[in-house]
Amino acid sequence: MTKQVKNKTIAVLCSGGDAPGMNAAIRAVTLASLHFNHRIIGFQHGYNGLIDNDYIELDEAKVRDIIHLGGTILKSGRSKEFLTQAGQAKAAENLNANNIDALIVIGGDGSFSGLLNLNKIYQGQLIGIPGTIDNDIDGTENTIGFATAVNTGLDAIDKIRDTADAFERIFLVEVMGRHSGFLALNVGIASAAEQVLTFESFTNPGKELRNISEHIHACREQRGLSSYIIVVAENLWPGGLDKLASDLKEYANIDSTPCVLGYIQRGGSPVAKDRILATKLSIAAISAINEGKHMVMTAESSGNVLFVDINDAIQHKKQVNGSLLTAQNSILDIAEIVKAHKL
């Protein structure tokens, strides 16, 4: 039996970079809203839709077969106009004109920063659901899309490894993550990369260039020519991956092949973990609205759902797993293991 709560009109939108599982979140938000007899609408193209008053009515039929789809049926976007006071005022005006009691935003830290601005001029409830492949939102162990992006990166590198083995080549593989090392570290460990370069362990280009070169030479001296893969976080190496390849050539006469995975990591059908996470966090978002919560993000910790203040969610204090980082840089060091067993 449906719990009796005050009927509300709820809006949902996706903002910023798309992430696998956003459609699963839209589905769960819609079904949970309908369960409590709320009206649910979806603004299209992110905050642009708020400004343009571009929305669709959501119902069971519209979300019936979308849980497995990548991307978002509501589309997404980054709105320059919403960064202005005039754009924010127009968005608030449209929310009020449509009698929206609560707005749910599925996105990352930039999207949640938009909620902070909207909160100054809009009186309705504002709720965030963390959807980003970067997994860089504070207060939640995982964000929607991260697990799928790791699997996508892993699948790509497994294929690159085949070619690297066949030609005994060194490949530099850049994964997304913006300014966070979560994707690089997890993909690197899962793919058995010889080296993983992340922000959390990076010092300076000169020192890193020496360390990278010495490690490559040590591996090749001890185990002969073979495949060798370095996973690199995007935005880490000054000048990008091509510059790292040219630096290695100039510094140590090391030939390498750069490969930027890019947007492939944002697409694809979400894995089960992301579908389940999206469903949990989205149902929790409707519960938060029913309970009168405001300016919170739904989050997951140790399998439990909790609510995190939006201000706390965007502090950028979240760190990669220290034990994994240590393991990659020491225990799993191929050069040291081969050397030790050859003595």
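This report walks through a predicted model of a single chain, from its overall build to a few individual residues.

## Overall build

The chain carries 13 helices and eleven strands. Its radius of gyration comes out at 23 Å, close to the 20 Å that the globule rule gives for 343 residues, so the chain is as compact as a globular protein of that length. Along the principal axes, the C-alpha atoms fill a box of roughly 75 × 45 × 30 Å.

Contacts reach well along the sequence here: of those with a separation of 6 or more, 75% join residues 24 or more positions apart. As for burial, 53% of the 343 residues count as buried.

## Surface and charge

About 14,900 Å² of the chain is exposed, and carbon and sulfur atoms supply 51% of that area. On the charge side, there are 31 positive and 38 negative side chains. The centres of those two sets sit 3 Å apart.

## Two nonpolar cores

Nonpolar side chains in soluble globular proteins tend to be buried together. In this model the largest nonpolar core has 76 residues, and the members that touch the most others are Ile104, Leu183 and Leu244. Take Leu244: leaving out residues up to four places away in sequence, its contacts are Leu172, Leu197, Leu209, Ile212, Val232 and Trp237.

There's also a second core, separate from that one, with 27 residues. Tyr47, Phe82, Leu126 and Ile137 are among them.

## Two helices and what covers them

Helix α7 spans residues 182-190, and its buried residues are Phe182, Leu183, Ala184, Leu185, Val187 and Gly188. Leu183 is a familiar name by now, being one of the best-connected members of the largest core. The buried residues of α7 pack against two helices, α6 (146-167) and α12 (322-331), plus the strands β6 (170-175), β7 (195-197) and β8 (228-233). Just past the end of α7, Ala192 takes a positive phi of about 60°.

Helix α5 covers residues 109-118, with Asp109, Ser111, Phe112, Gly114, Leu115 and Leu118 buried. An α-helix has 3.6 residues a turn, so residues three or four places apart point the same way. Cover for the buried residues of α5 includes the helices α2 (47-52), α4 (85-97) and α11 (310-313). Strands β4 (102-107), β5 (125-130) and β10 (296-301) also contribute to that cover.

## Loop residues worth a look

Most residues other than glycine have a negative phi. His45 goes the other way, with a positive phi of about 65°. You'll find His45 in the loop between β2 (39-43) and α2. With a relative accessibility of 36%, His45 counts as partly exposed, because it falls between the 20% and 50% cut-offs.

Met295 is another non-glycine residue with a positive phi, near 55°. Met295 belongs to the loop between α10 (272-290) and β10. Its relative accessible area is 8%, which is under 20%, so Met295 is buried.

Thr143 sits in the loop between β5 and α6. Its relative accessibility is 0%, so Thr143 counts as buried. What surrounds Thr143, once neighbours within four places in sequence are set aside? Its contacts are Pro130, Thr132, Asn135, Ile137, Asp274 and Leu277. One of these, Ile137, is also a member of the 27-residue core.

Notes
Residues are numbered from 1 along each chain as its sequence is written. This is a predicted model: local features need pLDDT of at least 70, side-chain atom pairs count only at pLDDT 80 or more; totals for chains, interfaces and linings use all residues. Side-chain values use heavy atoms; hydrogens and water are left out. Helices (H or I, at least four residues) and strands (E, at least two) are DSSP runs, numbered from the N terminus. The radius of gyration is taken over C-alpha atoms; the globule rule is 2.2 Å times the number of residues to the power 0.38. Buried means under 20% relative accessible area, exposed over 50%, partly exposed in between (1.4 Å probe, protein chains only). Contact means heavy atoms within 4.5 Å. Accessible areas come from the Shrake-Rupley method with a 1.4 Å probe; for residues, only the protein chains shown count as cover. Lys and Arg count as positive and Asp and Glu as negative; His and the chain ends are not counted. The place of a charge is taken as NZ of Lys, CZ of Arg, CG of Asp or CD of Glu. A nonpolar core is a set of buried Ala, Val, Leu, Ile, Met, Phe, Trp, Tyr and Cys residues joined through side-chain atoms within 4.5 Å.
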